[in-house]
Amino acid sequence: MKIATLATPFRRLLALVALTAPLSGIAALEPGFVALDPSGKLEAYDMIATPAETWKVGGDVVACTGDPRGYILTKKSYRNFILRLDIRFARPDGLTDEATFPGNSGVLLHVTGEPKVWPACVEVQGKHVDTGRIIGIGGAPRVTATDDAAARKRVLRPVGEWNSLDIVSIDGAVSATLNGVLVGVSEAGPLREGPIGFQSEGAPVAFRNIRILELP
């Protein structure tokens, strides 16, 4: 389904993305944004089911081996925000069909309850072929979402290249913009606030330039 036909409640999400468009490059943060982990040493996160060696920080890049399955989770809780980051999977030798690439990860929003694998939350998919798709996992209530697979296919960059995600959350309604194009939106559900997590899910993956703007 194309998202151009979205109802009025989602237009605020789109307006926020447009008004705070990323700068060219990001040598400096966009006005109002701060690094999600200001220390640059993963001090803003708890590690859930993953040892320290699963994660490595180099400059503005957080690299993950993908093994074992688990996640890092912010110690702080967030409700209304714009979250921006880039994501990239290591490209395996001999990969010829992007559609079959199994690389998986994701951004976890509004994490609640037991810190298990996987927790109840809203996930913005990082899985390469589904990047930006919005789902509920870990026993979370069903998420009512619209997904534009055709738009994703058009703008998704190849495995091994950086893809940019803009994630907006307003009182539980979430939107995901991939490389400047809206690919997913969800209606507000019962999960509306909580920590933010990044998944280790079986494939080497890196996250870059993770920054956030908290909204009223």
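This passage looks at the salt bridges of the structure shown above, which is a predicted model.

In total, 10 salt bridges are counted in the model. A good place to start is the pair formed by K76 and E214, whose closest N and O atoms are 2.6 Å apart. The two residues come from distant parts of the chain, 138 residues apart. K76 sits in the loop between strand 5 (70–74) and strand 6 (81–89), while E214 belongs to strand 15 (residues 205–214). Both partners have some contact with the surroundings: K76 is partly exposed, with a relative accessible area of 42%, and E214 is partly exposed too, at 41%.

Strand 15 also contains R208, which pairs with D86 in strand 6. Here the N to O distance is 3.1 Å. Because R208 and D86 lie in these two strands, their salt bridge ties together parts of the chain that are 122 residues apart in sequence. The two ends of this bridge fall into separate classes of exposure. R208 is partly exposed, with 24% relative accessibility, whereas D86 has a relative accessible area of 5% and is therefore buried, the cut-off being under 20%.

A further salt bridge joins the side chains of E98 and R91, with 2.6 Å from N to O. E98 counts as partly exposed at 24% relative accessibility, and R91 is likewise partly exposed at 38%.

Salt bridges can also share partners, and in this model such sharing joins E30, R84, D166 and R211 into one network.

Technical notes
Residues are numbered from 1 along each chain as its sequence is written. This is a predicted model: local features need pLDDT of at least 70, side-chain atom pairs count only at pLDDT 80 or more; totals for chains, interfaces and linings use all residues. Side-chain values use heavy atoms; hydrogens and water are left out. A salt bridge is a side-chain nitrogen of Lys or Arg within 4 Å of a carboxyl oxygen of Asp or Glu. Helices (H or I, at least four residues) and strands (E, at least two) are DSSP runs, numbered from the N terminus. Buried means under 20% relative accessible area, exposed over 50%, partly exposed in between (1.4 Å probe, protein chains only).
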